[in-house]
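User: Hi! I'm new to reading protein structures. Could you take one part of this model and walk me through it closely?

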Amino acid sequence: MRARTHSVLAASVVLALAAGPLAAPAFAAPPAAAARSVGQDGPNEEALRAALDGLPNQHATAALVRVGDPDGDWRGSAGVRDLAGDRPAHPHARFRAGSVTKVVTAATVLRLAAQDVIDLDAPVQGYLPDLFTPEFEQPISVRQLLNHTSGIKPGDALGDDFAEVYAHHFETLTPRQVAASAIAKGPEDFTPGTRQQYRNINYTILGLLIEKVTGHSYASVATRLVLRPAGMHHTYFPGTDPRIRGPHNRGYQAVQQPDGTTRLVDVTEWNQADRWAAGDMISTTADLEKLLTKLFRGKIVPQPELEEMFTTPAGVPGAQRSAGLEFMEVGGKDFWGKSGSRYGYSAVIGGTRNLSRTLVYSVNATDAKSAERNPVLDAITLAALK
């Protein structure tokens, strides 16, 4: 979950996108739809509705939100299915979940550990000897991959910015190629387990590990060990298929033009093979809510392995990430969760460990990979968790 949830939000003024032959069409906002109300002690329903009002705007074209609370649940959707028409956003749409995939990957590894197929303390070099070079003299444990303290450098991508990667968005960069490119750069200059660096490469290598120890594809193992037990019947791993199968709301990326206008580029179709076990999953808010609740209740990963998901590495300065999750305090409450983003799509799952408050959302953000704050995401998170 993003540190941006700590912010006090200022009122935002919705600005129309600049007109022009490449500019986005004028926005017309369908009314936000809520499916179930909450009681007085639940999340702020008025604030949740306000967070969705006015979509689509320049920050997001659609949003799907699910908030859970013992006093009642809240469901809401807003925006449009695509900018070519005025159909309301599909409330049960599939979307790219991005790095929320890491929750599933971590749960898969921990289930294999519970079955004594994987030893969390064993060096990954022993499992994947053909991947690592002699430069990796210091052992890197499976646990250190899970909690991002491995010291493995990032792998190659198909570009360094949106223009570059979009030019190659139908091409395939395999997970094995990504992993090999990372290993070729040599290790970082610190002892594994002493510094936390959040990187996709850790989970790419975990995907390779899953395949090595099981003899089956990552997708098939993750589906068998996590998706099916969680009841996630509308979630899948697309591989090299650039489409989102089934009902979905289209994703857009805002691109600044030389003349100062803004163009919204449709980024719905995209080959995400290089994200793989680190971020290529396609899901729904209902499925992610099932994952969150069943995982936290110990229905997917058994004890004591489940504790790995709620334990940050000891002795690592500033460490907030565990196996697949991230810890943060919001409004005096301790939350565990995970955010994810791909161009056109931002997602979050999270909640208190006892599930007294949960949040799942998918927002079709027009700046999903930007380091800048998105007021729609801020408003939803603050209204849901305060």
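Here I would like to hear about helix α10 and the strand residue Ser-283.

Analyst: Happy to help! Please keep in mind that this is a predicted model. Let's begin with the helix. Helix α10 covers residues 285-296, twelve in number. From its first C-alpha to its last it reaches 16 Å, close to the 16 Å expected at 1.5 Å a residue.

How much of α10 is covered? Mostly, since nine of its twelve residues are buried. Among them are Leu-288, Leu-291, Leu-292, Leu-295 and Phe-296, and the buried set also includes Thr-285, Asp-287, Glu-289 and Thr-293. A general point helps when you look along a helix: an α-helix has 3.6 residues a turn, so residues three or four places apart point the same way.

Glu-289 deserves a second look. Together with Arg-66, Asp-73 and Arg-75, Glu-289 belongs to one network joined by salt bridges that share partners. In general, side chains of opposite charge can pair when their charged atoms come close. Just after the helix, Gly-298 takes a positive phi of about 80 degrees.

Now for the strand. Ser-283 sits in β7, which spans residues 282-283. Is Ser-283 buried or exposed? Ser-283 counts as buried because its relative accessible area is 0%, and buried means under 20%. Its side chain makes a polar contact of 2.7 Å with the side chain of Thr-235. Beyond its neighbours within four places in sequence, Ser-283 also touches Leu-288, one of the buried residues of α10. Other contacts of Ser-283 include Ala-93, Arg-94, Phe-95, Met-232 and His-234.

How values were computed
Residues are numbered from 1 along each chain as its sequence is written. This is a predicted model: local features need pLDDT of at least 70, side-chain atom pairs count only at pLDDT 80 or more; totals for chains, interfaces and linings use all residues. Side-chain values use heavy atoms; hydrogens and water are left out. Helices (H or I, at least four residues) and strands (E, at least two) are DSSP runs, numbered from the N terminus. The expected span of a helix is 1.5 Å times one less than its number of residues. Buried means under 20% relative accessible area, exposed over 50%, partly exposed in between (1.4 Å probe, protein chains only). A polar contact is a pair of N or O atoms within 3.5 Å; within protein, one must be able to donate a hydrogen and the other to accept it, and residues adjacent in sequence count only if both atoms are side-chain atoms. Contact means heavy atoms within 4.5 Å. A salt bridge is a side-chain nitrogen of Lys or Arg within 4 Å of a carboxyl oxygen of Asp or Glu.
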